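Got the viewer open and a selection box ready? Here's a short walk through the model, stop by stop.

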Amino acid sequence: MAEPVNGFSKLTKNQKIEWLAKNHFINKEEGVKTLEQYWNKDAKLQALHDEFIENTISNFYLPLGIAPNFLINQKYHTIPMAIEESSVVAAAGKAAKYWQQRGGFKTKILGTEKIGQVHFMYHGDASKLKSFFTEVEPKLYKATETITENMRKRGGGISTIELKNKTSQLDNYYQLHCTFETLDAMGANFINSCLEAIAKTFSAEAHQNSLFSPEEKNIEIVMSILSNYVPNCVVKAEVSCKIEELNEDKNLNPQEFADKFVRAVAIANAEPHRAVTHNKGIMNGVDAVVLATGNDFRAIEAGAHAYASKSGSYKSLTHAEIKDGIFKFWIEIPLALGTVGGLTSLHPLVKLSLEILDKPSARELMQIIAVAGLAQNFAAVRSLITDGIQKGHMKMHLMNILNQLGATAEEKAYFVDFYKNKTITHSNVIKEFNDLKAKNV
């Protein structure tokens, strides 16, 4: 059982591990050994990783895989993916190869606007506040000039500042709704710094404005923070082909495949329970590339799921249709990404991932990641409407089961061949493995 500890953050790394071993590890020596096994032998590189977060005790590895053959806007891309779930990378690569022969993926940026808000409470006449905002707005931009100078030189900065009356949702609640263009930076620190400067100036100006009564002058700034919901920072990716070209599945003719695929996506739009799992599959592809490129997958997840709910009901992020003999499948997804700043310039594997992607701009990375999500979703829906999801997934999961059982290289090779044309289940693999062991005793 854990015991309270004071000053834990001030302990050295080894002292923190000693405390963990004493209070949590069943086998203290084995626990410490496991943590140390994941340290990098290069002390300088390990120190870099130690300083990414607080109270670091070790590194937590995820496999970094590669999905080649992505033809995007007539240019080939090799996509790095960091993920622990079996079959994701294989499915992405399979979808890439499928669409490579049918014209590839086409993408388009629909917008790159990011959002930040100053949330405040105001007790008074709304018309006075509106007049005050009109008067003070130029000063709000001026207050951020030193922060935005470099961004403005590159064509970015603050796009708009708008006063919003939200009192119908919460008594006395207003906000300054700000939009930003942050170019190749994800921009979180930039946006938050701007918002804090705006809030400080807004509050100070209110205190000395003659329009307001003494009570009205006391505007309460509650918080200043960017939003991870970016409905105008959106990218579209699509694939399309003639129906007769959907001809790689033996048990369905092309028309049946197209009809069934469109119905499957329609179900995800009609049924939230299905939509959540449907979109989770999309995020398998999206998050894997977001992680590999040092971006914030939690922010991307939150924004994507909010976008899926923008109609008031949770729906699919992808869409499919048949029109004039053409099958079309596409995604529209908000992606606030960066290719400069943060881990992109610190983490060695992130740097390599961006090199693999030919050092994309943030706009280019948006398009690549949207394609990864679309490809993953195509592969998943295709499996569901043909052989079922488990056939391919369990083939990939077989190696995980064998590793858990401590199989040798020879035993792994035997079972890969054994299950080539058989259904794989966890219990069945264990039975066959034990039977093989018994025969060889």
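Start by selecting glutamate 149 and lysine 153: they form a salt bridge, with their closest N and O atoms 3.7 Å apart. (A salt bridge here is a side-chain nitrogen of Lys or Arg within 4 Å of a carboxyl oxygen of Asp or Glu.) Both residues sit in helix H6 (residues 145-153), four residues apart, about one turn of the helix. Helices (H or I, at least four residues) and strands (E, at least two) are DSSP runs, numbered from the N terminus. Lysine 153 is exposed, at 63% relative accessible area, while glutamate 149 is partly exposed at 39%. The cut-offs: buried is under 20% relative accessible area, exposed is over 50%, and partly exposed is in between (1.4 Å probe, protein chains only).

Before moving on, some housekeeping. This is a predicted model, so local features need pLDDT of at least 70 and side-chain atom pairs count only at pLDDT 80 or more, while totals for chains, interfaces and linings use all residues. Residues are numbered from 1 along each chain as its sequence is written, and side-chain values use heavy atoms, with hydrogens and water left out.

Next, pick arginine 382 and glutamate 248, a salt bridge with the closest N and O atoms 3.8 Å apart. This pair links distant parts of the chain: arginine 382 is in helix H13 (residues 362-385), and glutamate 248 is in the loop between strand E8 (234-242) and H9, 134 residues apart. Arginine 382 is buried at 11%, whereas glutamate 248 is partly exposed at 38%.

Now jump to arginine 298 and aspartate 296, whose side chains meet in a salt bridge at 3.2 Å, N to O. Arginine 298 is exposed at 51%; aspartate 296 is partly exposed at 31%. Then add Arg102 and Asp249 to your earlier pick: salt bridges that share partners join Arg102, Glu248, Asp249 and Arg382 into one network. How many salt bridges does a search of the whole structure find? The total is 13.

Time for rings. The structure holds 21 aromatic pairs, where rings of Phe, Tyr and Trp (its six-membered ring) pair if their centres lie within 6.5 Å; planes under 30 degrees apart are stacked, over 60 edge-to-face, and the rest tilted. Select tryptophan 99 and phenylalanine 327: their ring centres are 6.4 Å apart and their planes at 10 degrees, so they count as stacked. Tryptophan 99 is in helix H4 (residues 88-100) and phenylalanine 327 in strand E10 (residues 326-334), so the pair ties together parts 228 residues apart in sequence. Tryptophan 99 is buried at 0%, and phenylalanine 327 is buried at 0% too.

Keep phenylalanine 327 and add phenylalanine 261, its edge-to-face partner: 5.3 Å centre to centre, 90 degrees between the planes. Phenylalanine 261 lies in helix H9 (residues 254-270), so this pair ties together parts 66 residues apart in sequence. Widen the selection to Tyr98, Trp99, Phe257, Phe261, Phe327, Phe329 and Phe378, and you have one aromatic cluster.

Last stop: leucine 64, in strand E1 (residues 64-72) and partly exposed at 40%. What is leucine 64 in contact with, leaving aside its neighbours within four places in sequence? Pro80, Met81, Ala82, Ala292, Leu349 and Ser353, with contact meaning heavy atoms within 4.5 Å. For a long ruler line, go from leucine 64 to alanine 197: their C-alpha atoms are separated by 40 Å, 133 residues apart along the chain.
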